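Below is a short report on selected contacts, strand pairings and charged pairs. Read it alongside the sequence and the coordinates.

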Amino acid sequence: MIALLPMYDRPETKAANDAFWQAIRAALGRGPDHLTRDMDLWQAWRSPELLLAQTCGLPYRARLYGDVELVGTPDYGLPGCPEGHYNSVVVARADHSGIRLSKFGGSRFAYNDPLSQSGWAAAMMRMRSEDILPGELLETGSHRASAEAVATGKADFACIDALTFQMLQSYEPDLIAQLCELERTEPTPALPFITALSEDAAAILAAMQAALATLATGPREPLHLKKIMAMTPSDYLAIPTPPGPTLLMDRLARAR
């Protein structure tokens, strides 16, 4: 069996994620001894041995739906978001404070991954509402790297997962001090917990909820996790999926 909680797993949250998993394992009565941290995410998400993982909303609706079971949705208590939802923080360099997003049309946009809801899809939908497009794209591989790309001038703006942004404020204030928040995107359902089709998703959700209730305040605080909610696949499938970076750049090239 495989269990992994990779989406907000950084050195400062590692112990809290480990404690959360041990509490889930105890409540469920089975599972691997430790979280997996050295496995390709797509291999893990698609494995028939998957007991529990967290993915992103865009990979779930675009490639994983029908191959995995939705277990539940985290609520991180993020500002301006309904329960079980999150959004993205649109950031630019600190000296661009007060500039409207509409002024960034044709600028260099950094994104973490083409299958990221918060780093790509939410950004494209927000830009669509302003009738703008970026002029250049920079794929960075992570939200932190996107923030750093903006701070160092390699990109002009980026969209950062709101919980990642909170963690950067706490753990890397020097990086955040080089950025300004322009605005936030529309909330969408937060990063879903999933399991293999052969597993009992309802039992795993109940174990996660029981584990969270018993988790001590110390381990619980770094996770920012308020509750784990039951949502439906339709809640995720209803979110629009914009064109990916390759198609966008092809369109931009033809327009020049």
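The side chain of His-85 reaches the backbone oxygen of Glu-83 at 3.0 Å. This is a predicted model. His-85 sits in strand E4, residues 85-86. Its relative accessible area is 18%. The cut-off for buried is under 20%, so His-85 counts as buried. Leaving aside residues up to four places away in sequence, His-85 touches Leu-78, Pro-187, Thr-188, Pro-189, Ala-190 and Met-231.

**Strand E5**

Strand E5 covers residues 88-93. It is mostly covered: six of its six residues are buried. E5 pairs with strand E8 (residues 157-161) in the antiparallel sense, over five bridges. In that pairing, Ser-88 has Asp-161 of E8 as its bridge partner. E5 also pairs with strand E9 (residues 179-184), antiparallel and over five bridges. There, Arg-93 stands opposite Leu-179 of E9.

**Salt bridges**

Side chains of opposite charge can pair when their charged atoms come close. Across the whole structure, a search finds 15 salt bridges. Three of them are listed here, with N to O distances.

| Side chain | Partner | N to O distance |
|---|---|---|
| Glu-12 | Arg-10 | 2.7 Å |
| Arg-10 | Glu-172 | 3.1 Å |
| Arg-37 | Asp-18 | 3.0 Å |

Arg-10 appears in two of these rows, with Glu-12 and with Glu-172. What does the pair of Arg-10 and Glu-172 tie together? Arg-10 lies in the loop between strand E1 (2-3) and helix H1 (14-28). Glu-172 lies in the loop between helix H6 (162-171) and helix H7 (173-176). The pair therefore ties together parts that are 162 residues apart in sequence.

Arg-10 and Glu-172 are both buried. For Arg-10 the relative accessibility is 18%. Glu-12, at 35%, counts as partly exposed. A network of salt bridges links Arg-10, Glu-12, Arg-144, Glu-148 and Glu-172.

The side chains of Arg-37 and Asp-18 also meet in a salt bridge, at 3.0 Å. This pair links distant parts of the chain, 19 residues apart. Arg-37 is in the loop between H1 and helix H2 (41-45), and Asp-18 is in helix H1. Are these residues buried or partly exposed? Arg-37 is partly exposed, with a relative accessible area of 38%. Asp-18 is partly exposed too, at 23%.

Methods
Residues numbered from 1 in each chain as written. Predicted model: local features only at pLDDT ≥ 70, side-chain atom pairs only at ≥ 80, totals over all residues. Heavy atoms only, no water. Buried < 20%, exposed > 50% of the residue type's maximum accessible area, 1.4 Å probe, protein only. Helix = DSSP H or I, 4+ residues; strand = E, 2+ residues; numbered from the N terminus. Pairing = 2+ DSSP bridges. Polar contact = N/O pair within 3.5 Å; in protein donor to acceptor, adjacent residues only side chain to side chain. Contact = heavy atoms within 4.5 Å. Salt bridge = Lys/Arg side-chain N within 4 Å of Asp/Glu carboxyl O.
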